[in-house]
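Biologist: I am new to this structure. Please take a close look at one part for me, the surfaces where its pieces touch. Walk me through them.

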Amino acid sequence: MAEDPKIEFDHGKGEKIPHFRSLSGLEYRRIYNRKDWDKELPDGGEYPFTRGIYQDMYRGRLWTRRQQSGFGSPEESNDLLKYLLKVGQTGINIDSDIAGKIGVDPDYPLAQADVGLQGTSMCTYEDMAALFKDIPLDRISSTLIFPPPASVVMMGQYMMMARAEGIPWESLIGTMMNCPFTQLVGPTFQANMDFFPIDLALKIGLDLMEYLIPRCPKWNILNVNSRNIRECGVDAVQEAALSLALGCDFVDRLCKRGLDIDRFARRIGFFSAVHLDLFEEVAKFRAMRRIWARLMKERFGAKDPKSMWFRCAVQTSSLTLTAQEPMNNIVRAAVQTLTAILSGVQSVHTTSYDEAYCLPTEKTQKLAIRTQQIIAYETGATKSVDPLGGSYLVEKMTDELEERIWEMMKEIDSRGGFVECFKEGWVEAELNRARYKLADQMESGELPIVGMNLFRDEETAADIEIFRQAPDMQAKRIEYVQNYKKNGNRDTARKALKNLYERTRSHAGEDLAAPMLEAVEARATLQEVCDAMREAVGFSMPE
Amino acid sequence: MPTNKRIIMAKMGLDAHDNGLRIVSKWLADAGYEVIYAGVYNSAERILRMVIEENADAVGLSFLGGEHLHYSRKLLDLFRENDLGHVKLIAGGIIPPADVVAMKELGVDAVFAPGTPRSDILKRVAACLPLV
């Protein structure tokens with residue numbers, strides 16, 4: 001017999017939320033009015049782009065539906081891409097497995113248990129060609145999630161594939177993420193330091209940008225992954241300040257190479273998180289657009305308005321997903337997707353509710369795309385530019401966040417910029433402080449999470465379908481690459497690798513993208529290319 | 001004088017998502033355990049060496065990418081082969097429910113899902129590693 005339920009709610013007292021602070025600690029006022037904000041706004045598409053980078057925003061064209069995807073072998077991932085495009089995805093976002101990102105092949109001992117788990121296993125030209133089979137490279141834009149030096153190898157394979165299909169490089173549309181600090185799991189120190197020397201990675205990333213600027217004019221050369229920064233647990237102000245400061249470090253280095261800002265700034269984008277504090281997030285994106293525009297114009301002297309655009313892809317937060325009652329995550333992702341649209345972003349990945357347990361299944365990825373389509377076609381949120389603009393609350397919060405972001409950027413600047421702060425461990429200390437604080441807030445209930453620290457229901461077990469990899473996938477991939485390196489004529493590859501080794505050893509100051517691409521052309525594998533450079537500088541990886 | 005139990009905290013293989021590892025390591029250290037932070041990118045052999053060198057009482061592993069069964073099995077095998085059957089193995093992270101059962105059957109002493117409260121974790125760790 002069931003026990004009598006214990007009723008805790010007291011109708012006489014009513015139900016109240018615990019406090020009125022935003023996630024970044026701003027105090028929401030009881031009500032906002034003209035005293036809080038009484039200014040004029042620019043038009044959409046007008047400097048400093050508070051209201052969006054385009055005059056017509058989603059009236060002109062909807063955002064790109066770009067779900068990060070990839071698992072197992074390139075062939076399996078190709079099937080997934082085709083499925084996603086069939087249900088309405090409009091751009092591709094390829095995530096490789098970790099081995100692919102850090103520049104080791106599937107047969108590297110420490111990689112073997114991770115092959116294909118968090119993304120597609122990729123290491124040869126043939127893998128790239130299998131992954132993109134039947135995908136029109138000049139009509140569908142693809143984002144490739146790789147930091148340098150893997151970014152150069154993958155870009156080389158992608159360009160070879162275009163050439164083989166008769167597609168000119170000038171027509172390629174997409175993005176190589178290409179950031180050595182944020183592309184693994186945020187700017188955590190050890191994650192980004194252990195598999196390649198960071199200074200050399202940064203230098204190679206810049207070499208690739210310089211290589212791409214004249215050859216692939218529609219291709220985006222860099223994307224700063226501000227989402228991975230946020231998902232370490234920092235708040236909106238820290239996310240914005242750290243990622244914008246990092247963006248500046250890249251721009252600064254490209255300018256110092258003698259490149260004209262108006263030739264490359266428009267080819268730099270950001271990838272941000274969307275969290276659950278709706279108005280603060282909208283204010284964050286508006287403030288980031290303003291700050292980036294001012295930096296490009298005033299600090300770096302850009303003249304072309306397109307150079308001043310803060311172009312931003314987003315993915316709804318994974319940190320806000322709960323393993324408890326996973327279906328609740330559908331609601332969180334929907335609210336965050338709407339928030340992204342109210343913020344005027346350029347592309348969206350809606351995170352699937354099952355990602356608190358595993359990679360998403362086809363079914364949950366379809367639901368994520370449907371979520372975006374419902375917001376696009378049914379809600380009307382797309383029908384006017386910057387629909388929350390002029391709201392006293394949103395404008396005041398945009399101003400307040402902007403001020404705090406500038407403040408933190410000044411501090412980063414006074415410490416020598418993001419790259420220095422990263423190398424000295426200052427970024428790591430900030431992240432750790434934020435993580436401990438977040439954990440305390442979750443424990444105390446200061447950060448209420450329904451189903452986890454609030455209204456928790458221990459009785460209900462999660463009942464969801466779990467994504468499963470093919471049981472022999474890893475063994476097959478390991479065998480494939482071992483045979484690849486054993487069979488066939490490897491003389492040209494060996495010669496190109498030797499040249500790359502020499503160039504890295506004796507002429508590391510000069511361009512390394514070209515000799516790396518020659519090795520790719522000669523069918524060297526991902527790790528062979530990266531190892532040639534590791535050996536040249538005497539760098540050893542964890543075993 | 002008796003000292004508190006020593007626990008090595010680590011992530012295995014290539015996954016470097018270390019939010020959970022950092023937070024739980026701090027919780028354990030604050031509670032009085034002697035935490036040896038091994039960080040990310042560990043092999044089972046490296047953890048075995050550390051267990052021997054540090055004379056550890058337990059290993060705590062954090063997983064996200066689906067490599068939990070592989071490394072739990074491998075590490076428990078190494079413990080057995082090296083007469084370290086007394087060393088406790090504790091794990092947490094993104095692990096599907098069916099695999100939690102499988103890990104316990106392998107011999108993992110405790111498995112924590114994301115969102116487990118600190119008090120719960122400390123209670124269940126203390127059950128296999130009593131504090132002095």
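Modeller: Here is a walk through the contacts made by chain A, first inside the chain and then with chain B. Keep in mind that this is a predicted model.

Start with the domains. Chain A is assigned domain 1, residues 57-444, and domain 2, residues 473-537. Taken over C-alpha atoms, the centres of domain 1 and domain 2 of chain A are 28 Å apart. The two domains touch. Domain 1 of chain A brings 30 residues to the contact, and domain 2 of chain A brings 23.

Now look at the domain 1 side. Two helices of chain A each give two or more residues to it: α4 (150-164) and α6 (198-215). Of the elements, α4(A) gives the most, with six residues. What is the make-up of this side of domain 1 of chain A, in nonpolar, polar and charged residues? It holds 17 nonpolar, ten polar and three charged residues.

Next, turn to the other chain. Here 34 residues of chain A meet 28 residues of chain B. On the chain A side, α2 (98-102), α5 (189-193) and α15 (426-444) each supply at least two residues. The largest share comes from α15(A), with five residues. The chain A side that touches chain B divides into 22 nonpolar, seven polar and five charged residues.

To recap, look for α4(A) on the side of domain 1 that touches domain 2 of chain A, where it gives the most residues. Look for α15(A) on the side of chain A that touches chain B, where it has the largest share.

Technical notes. Residues are numbered from 1 along each chain as its sequence is written. Chains are lettered from A and ligands numbered from 1 in the order in which they are written. This is a predicted model: local features need pLDDT of at least 70, side-chain atom pairs count only at pLDDT 80 or more; totals for chains, interfaces and linings use all residues. Domain bounds come from an automatic or database domain assignment. Two residues are in contact if their C-beta atoms, placed from the backbone, lie within 7 Å. Helices (H or I, at least four residues) and strands (E, at least two) are DSSP runs, numbered from the N terminus. Ala, Val, Leu, Ile, Met, Phe, Trp, Tyr, Cys and Pro count as nonpolar, Asp, Glu, Lys and Arg as charged, and the others, Gly among them, as polar.
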